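Good morning, and thank you for coming. Please keep the sequence and the structure in view while I take you through a few of the features.

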Amino acid sequence: MKQTTNTILMIRPIGFRMNEQTAVNNYYQKVLDSLLPETVNTKAQQEFDIYVEKLRGIGVTVVVVDDTTEHDTPDSIFPNNWISFHESGDVGLYPMFAENRRLERREDVLEKLESAGFKIDNIVDYTAAEKEGLFLEGTGSLLLDRENRIAYCALSPRAEEDLFIEFCEDFEYSPVIFTANQTVNDQRKAIYHTNVMMCLAETFAVICLDCIDDKKERKNVIGHLKRTGKEIITITEDQVNNFAGNMLQVKGVNDMLHLIMSQAAYDSLTKEQINRIENHCPILASSLDTIEACGGGSARCMMAEVFLPKN
């Protein structure tokens, strides 16, 4: 099984703004009062386009699908939460916490991938769990060590334990469960997505261990990372607030690996952290300031990795 891919699905926004439905437990979102809604969307589109150009510039295949005006989907720019693609030809569809995010699921996205030559054999659909108020938001909630068949998950209102176990049984992963917290107004509150505080690459992991308050859970996560030969590069909670955990390793020209992150994430890193990452692979950073502020998500959230077999 491959850990990294050179094909990414991205959704270009047309009505991007701060989503009031997700802001209830995504504490990274802000209202940019100084900007008109259409200005926010235009800025997000500009950031999106430059980011896609940079990815293509290093040889990543980016399949871009435009969002539609059919529904109000302010977070459509983050497709990795509702869909995942696997080497087996399986596609996972996930139950979403915010009602307006459920509208992001689109058949034509699958059709576009099929017309690009990818093979979809089976759809594993967890979305019925929404009726019971249970959620598991794709590779936002699930951090997959595809090579070693281990799935890491920080439980939160958007990542329910039983659903996570069900996913692991269906896709044959060993579950590693923990809780990751952040300080909000002097209180410890669950971080909404695992991929905000942790990134898994082929030979290393970037993680905020300070977010895992429970010592046993922290030790368990460290143990799994060490056993699978990953160098552990730790980041601080302050760096998590700058989206330094929200990174993704991808393949470019000649399968060369790159770690993708936002400019804010890069700027928050120390020289030593950058050197340790660059010992493994080069870094590509792109400015996503508007998307991060209004969407509360960053570089990794915008990329749904495509591992599907080719016809």
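**Confidence, core and sheet**

This is a predicted model, and the protein chain has an average pLDDT of 92, with 93% of the residues scoring at least 70. There is one stretch I ask you to treat with care: over residues 22-29, pLDDT stays under 50. The model has 36 contacts beyond four places in sequence for that stretch. Where pLDDT is low, predicted coordinates should not be read in detail.

Let me turn to the interior. The largest nonpolar core comprises 41 residues, and those with the most contacts inside it are Tyr 152, Phe 178, Met 197, Met 198, Ile 207, Val 221 and Leu 225. Strand E12 provides the largest share of this core, four residues. Another core, of 25 residues, lies apart from it; Met 10, Phe 16, Ile 58 and Cys 301 are among its members.

Which residues does Ile 207 contact, leaving aside its neighbours within four places in sequence? They are Met 197, Met 198, Ile 212, Val 221, Leu 225, Ile 232, Ile 233, Thr 234 and Ile 235.

Next, helix H9, which spans residues 271-278 and has Gln 273, Ile 274 and Ile 277 as its buried residues. These lie on the same side of H9, because they cover an arc of only 100 degrees around the axis. In general, an α-helix has 3.6 residues a turn, so residues three or four places apart point the same way. Turned away from the buried side of H9 is a face carrying the exposed residues Lys 271 and Glu 272. The elements covering the buried residues of H9 include strands E12, E13, E15 and E16, together with helices H7 and H8.

I move now to an open sheet of three strands, ordered E3-E4-E5, with mixed pairing. Strands E3 (83-85) and E5 (122-125) stand at the edges with a single partner strand each, so one side of each is left without a neighbour in the sheet. From one strand to the next, the twist averages 20 degrees. E4, residues 90-93, runs parallel to E5 and is joined to it by four bridges; Val 91 stands opposite Ile 123 in E5.

Finally, two loop residues other than glycine have positive phi values: Glu 172, near 60 degrees, and Asn 254, near 55 degrees. Glu 172 is found between helix H5 and strand E8, and counts as exposed at 62% relative accessibility. Asn 254 is found between strands E14 and E15, and at 75% relative accessibility also counts as exposed.

Terms used. Residues numbered from 1 in each chain as written. Predicted model: local features only at pLDDT ≥ 70, side-chain atom pairs only at ≥ 80, totals over all residues. Heavy atoms only, no water. Buried < 20%, exposed > 50% of the residue type's maximum accessible area, 1.4 Å probe, protein only. Helix = DSSP H or I, 4+ residues; strand = E, 2+ residues; numbered from the N terminus. Arc of directions from axis to C-beta. Contact = heavy atoms within 4.5 Å. Core = buried A, V, L, I, M, F, W, Y, C linked by side-chain atoms within 4.5 Å. pLDDT = per-residue confidence, 0-100. Pairing = 2+ DSSP bridges. Axes fitted to C-alpha atoms, helices over the stretch in contact; angles between N-to-C directions.
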